[in-house]
Amino acid sequence: MEKDKFDNKMVEIESKSFEISMLMSGFVFEILENFEDLKSELYCELPYYDPASGYKTVMTEFIYLEADTGVLLITAQDVKTPVMWDELNIAAKEIVIAELHHKYKALKLYNNLTTKEEMH
């Protein structure tokens with residue numbers, strides 16, 4: 001059977017998805033370098049696939065880079081073990097990076113304001 005246009009488009013979609021996934025992972029690794037112990041509080045709701053019960057929404061608590069293994073982990077309420085970054089779908093990853101970026105910018109603005117106040 002020959003490849004048709006949809007086979008080619010599917011390959012292109014999978015390639016772009018892999019590329020964006022790598023960009024998102026790199027973003028999280030780099031932004032966590034700005035937080036103490038490569039760990040940040042993270043309060044957002046994420047879609048999560050639990051193998052035992054299917055899709056559900058979880059409320060996150062922390063995201064951190066495990067130093068020994070280099071694995072990104074997220075702790076969440078009502079989830080017994082940390083969720084690995086790679087277990088999240090692209091929608092959940094987008095929520096996480098948006099929250100981390102927002103927190104990073106807010107802390108940066110706060111630090112700039114407090115530094116300027118001390119100078120006067």
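So, cavities: at 30 Å³ or more, this structure holds one. Keep in mind that we're looking at a predicted model. The volume of that largest cavity comes out at about 30 Å³. As a reminder of the idea behind this, rolling a probe the size of a water molecule over the atoms shows where empty space is left.

Which residues line the largest cavity? Going along the chain, we have Leu-46, Pro-47 and Tyr-48, then Val-58 and Thr-60, then Ile-74 and Ala-76, and finally Val-83 and Leu-88. If you sort that lining by class, you get eight nonpolar residues, one polar and no charged ones.

Now, which strands supply at least two residues of this lining? They are E2, covering 45–50, E3, covering 54–66, and E4, covering 71–76. E2 gives the most, with three residues.

Let me move over to Leu-32, which sits in helix H1, residues 5–32. Is Leu-32 buried or exposed? Its relative accessibility is 0%, so Leu-32 counts as buried. And what is Leu-32 in contact with, once we set aside the neighbours within four places in sequence? The partners are Leu-38, Lys-39 and Ser-40, a run of Ile-63, Tyr-64 and Leu-65, and then Leu-72 and Leu-100.

One distance to finish with, if you have the structure open: take Leu-32 and Glu-45, which are 13 residues apart along the chain. Their C-alpha atoms are separated by 19 Å. Glu-45 also happens to fall in E2, which spans 45–50, and E2 is the strand that gives the most to the cavity lining.

Thanks, everyone, and I'm happy to take questions.

How values were computed: Residues numbered from 1 in each chain as written. Predicted model: local features only at pLDDT ≥ 70, side-chain atom pairs only at ≥ 80, totals over all residues. Heavy atoms only, no water. Helix = DSSP H or I, 4+ residues; strand = E, 2+ residues; numbered from the N terminus. Buried < 20%, exposed > 50% of the residue type's maximum accessible area, 1.4 Å probe, protein only. Contact = heavy atoms within 4.5 Å. 1 Å grid on protein atoms, 1.4 Å probe; cavity = no way out; pocket = protein on both sides within 12 Å on 5 of 7 lines; lining within 4 Å. Points joined across faces, edges and corners; volume = space filled by probe spheres on them. Nonpolar A, V, L, I, M, F, W, Y, C, P; charged D, E, K, R; others polar.
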